[in-house]
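Reader: Pick one spot in this model and take me through it up close. Then show me how the rest of the chain looks from there, and don't hold back on the odd bits.

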Amino acid sequence: MIALYYEVLFSISFLLTVIYVMIWRKHFDLNITVIFILVPIVNLGYYLYANSADKYAAMNAYKIIYIGSCFLPFFVTMCVLNLCEIEVPSPIRFFAFLINTTLYIFVLTVGKTPYFLKSIAVYHNVFGTEIKKEYGPVHTAFYVVLILYVIIEIVAIIYSGIRKNQISNTILRRLFIPVAVTLIGYIGNKALGTKVEVVPFTYVFAQVMYIIIARRMSLYKVSDMVVDSMVQTGETGFISVDFQHHYLGSNETAKEILPGLRDLDIDQDITKVPWMENTVGHWIHHFEKDQTRKHLYVKKDKIEKVYKTGTDKLDSVSGIEESDFTYIVKTQYLYEGSKKIGYQIFLNDDTQNQKYVALLDRYKTELEAEVEKKTQHIVEMHDNLIMSMATMVESRDNSTGGHIKRTSECVRILIGEMKADSDSPFADRLTDEFCADIIKAAPMHDLGKVAVDDNILRKPGRFTDEEFEVMKTHAAEGARIVHEILKDTDDESFKIVAENVAHYHHERMDGSGYPEHLKGDKIPLEARIMAIADVYDALVSKRVYKDSISFEKADAIMLESMGMHFDKRLEKYYISARPKLEAYYSSLPDQSILLGKEDKETN
């Protein structure tokens, strides 16, 4: 009767192993596969053990049983740790397996040495075969190892349930059940001293649970499932090549894209096949040269040309037409576990995406052109508004409107000379943006005069001291007006330059200017440049209270003022600009009609 019990358990365990083989997938855990191999062997040992005719047969059956008893705890523990996503270093794994192997070596000495089993006796009675054993000291060590494995398994399951939210709690519960049942069965059997071993039954129960676990765990292998799904759907082509550029294989989709793959032999050197070297080899070369550039785009007609002729390399496409059929090629390393063994090339039809990108680029270009056109129109309106306001201020000052235009041109000439000097001490400031900003801001330098009373502004003679103090307020007032006009502009750099030009163009290097009495480099560069243009125009232009003076006299005054009124470092640019300034003023209408008093405060 007892023999029948073991016979049934062996048959069931063998049947479960057959079922496991039938449902096996490559994503199943290797440790589970080994467990399904060992369990039928162990249960066969129990069956032979129960039918032993003498102690020699019992010892041989005992050795078969302990193949499982010594190695099953190791593989079960590795399985639990793997399913709990706990990495075990290779040296530790090897050391643990060595311990189990050592224990089994002592099992093989049963009957020859007393270390694992001191004695074994077989008795036959009406109930069947009865076997009595006396264990040795190594068997005690076997118990210790067994208990240690169980503790590790339980701790790993509990730890993963608490700390790792990417592991299914259902799987963890199912892992715990066979561990608990096997432990209870083993302890219960020893405690009660029953003649029938419960452990073989717990092994069969564990097999059932591991089939359920293996089936469920394959669903969680997301990356593997994605790859399998991509292969099955046929949307992605795969080509594998080792580091020696030997062809390892490809899927059907890749063979449809590159029909020549059907004629290649596995392990064939692709460098000896021209069309392969100029397609796959070319993609690998790009990847080796720049691993950050993992994507290339190629056209179907280009692939076909390379395949037919064996010439030309596949460069990235520069444009997509409606009739184009485009593939995106991705190259990455091919891994075996964590070891790199070669290259994996993926090919996907990217035609629609490329057409969509081309369409977006076309719309983007058109939109940018339209925005630039609208922006330019707004800038022109803004500039015209500034010029109109400056002209309006001059019209109140009995001016013909020439001062703002002339000073703007003077600033342009001075800036040109400064830009031409590669050794300029202001080189770091003279960006294209800064130069454009100061030329654009020049007409705004006297906007503050709009706040000066007409009785003072339009006075035909020289100012009294009191009138001059009022007149000097136009600098600070001009900065305030400019700030209000430009406060909502996005061009922050222009706003700063324009405010500085209006505010500080009457400051002097020696600190005797106004309104802040700034000295030296505390005066913004744009204001220092504006001061030269402003004073030069005042000297060579005729006013109602004075005649214009000659270029020579104006030049003498300007040079004499360098270092006191003007920045001495700007002197050489004024000198180099002088011919252009004189040519410009000589080209203007008769100076006698240039009436006004824009800057009588400078004289």
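Author: A quick word on labels: helices here are DSSP runs of H or I at least four residues long, counted from the N terminus. Keep in mind, too, that this is a predicted model.

Let's zoom in on His-503. You'll find His-503 in helix α19, which spans residues 492-504. His-503 counts as buried because its relative accessibility is 15%, and the cut-off for buried is under 20%. The side chain of His-503 makes a polar contact of 3.4 Å with the side chain of Tyr-504. Leaving aside residues up to four places away in sequence, His-503 touches Ala-475, Ala-476 and Ala-479, and also Tyr-514, Pro-515 and Glu-516.

Two of those neighbours deserve a second look. Tyr-514 and Pro-515 are joined by a cis peptide bond, with omega at about 10 degrees. Most peptide bonds are trans, and most residues other than glycine have a negative phi. Pro-515 sits in the loop between α19 and α20 (525-540), and His-503 touches both partners of that cis bond.

On to the other backbone oddities. Glu-85 isn't a glycine, yet its phi is positive, near 60 degrees. Look for Glu-85 in the loop between α3 and α4. Asp-267 is another non-glycine with a positive phi, about 75 degrees this time, and it belongs to the loop between α9 (252-257) and α10.

The loop that holds Glu-85 is also home to Cys-84, and it runs between α3 (55-83) and α4 (90-108). Cys-84 counts as buried because its relative accessible area is 0%. Across the fold, the C-alpha atoms of Cys-84 and Glu-153 are 9.7 Å apart, although 69 residues separate the two in sequence. Cys-79 is buried as well, with a relative accessibility of 0%. Its closest cysteine sulfur is the one in Cys-84, but at 8.9 Å that is too far for a bond, so these two don't pair up. Cys-70 is buried too, at a relative accessible area of 1%. Search the whole structure and you get zero disulfides.

If you like well-covered helices, try α11, residues 280-289. Seven of its ten residues are buried, namely Val-280, Gly-281, His-282, Trp-283, Ile-284, His-286 and Phe-287. Those buried residues pack against four strands, β3 (236-242), β5 (295-299), β6 (326-336) and β7 (339-349), along with helix α10 (274-277).

For something out on the surface, head to helix α1 (residues 2-23), where Ile-19 is placed. Ile-19 counts as partly exposed because its relative accessibility is 34%. Together with Phe-14, Leu-15, Val-18 and Met-22, Ile-19 forms a nonpolar surface patch with about 490 Å² of accessible area. An α-helix has 3.6 residues a turn, so residues three or four places apart point the same way.

Now zoom all the way out. The chain has 22 helices and seven strands. It is 603 residues long, and 45% of them count as buried. Take the contacts between residues at least 6 apart in sequence: 66% of them join residues at least 24 apart. As for the outside, the chain exposes about 31,700 Å², with carbon and sulfur atoms supplying 59% of that.

Conventions
Residues are numbered from 1 along each chain as its sequence is written. This is a predicted model: local features need pLDDT of at least 70, side-chain atom pairs count only at pLDDT 80 or more; totals for chains, interfaces and linings use all residues. Side-chain values use heavy atoms; hydrogens and water are left out. Helices (H or I, at least four residues) and strands (E, at least two) are DSSP runs, numbered from the N terminus. Buried means under 20% relative accessible area, exposed over 50%, partly exposed in between (1.4 Å probe, protein chains only). A polar contact is a pair of N or O atoms within 3.5 Å; within protein, one must be able to donate a hydrogen and the other to accept it, and residues adjacent in sequence count only if both atoms are side-chain atoms. Contact means heavy atoms within 4.5 Å. Patches are made of residues with over 30% relative accessible area and no salt bridge: like charges are joined within 9 Å, nonpolar side chains (Val, Leu, Ile, Met, Phe, Trp, Tyr) within 5 Å. Accessible areas come from the Shrake-Rupley method with a 1.4 Å probe; for residues, only the protein chains shown count as cover. A salt bridge is a side-chain nitrogen of Lys or Arg within 4 Å of a carboxyl oxygen of Asp or Glu. A disulfide is a pair of cysteine sulfur atoms within 2.5 Å.
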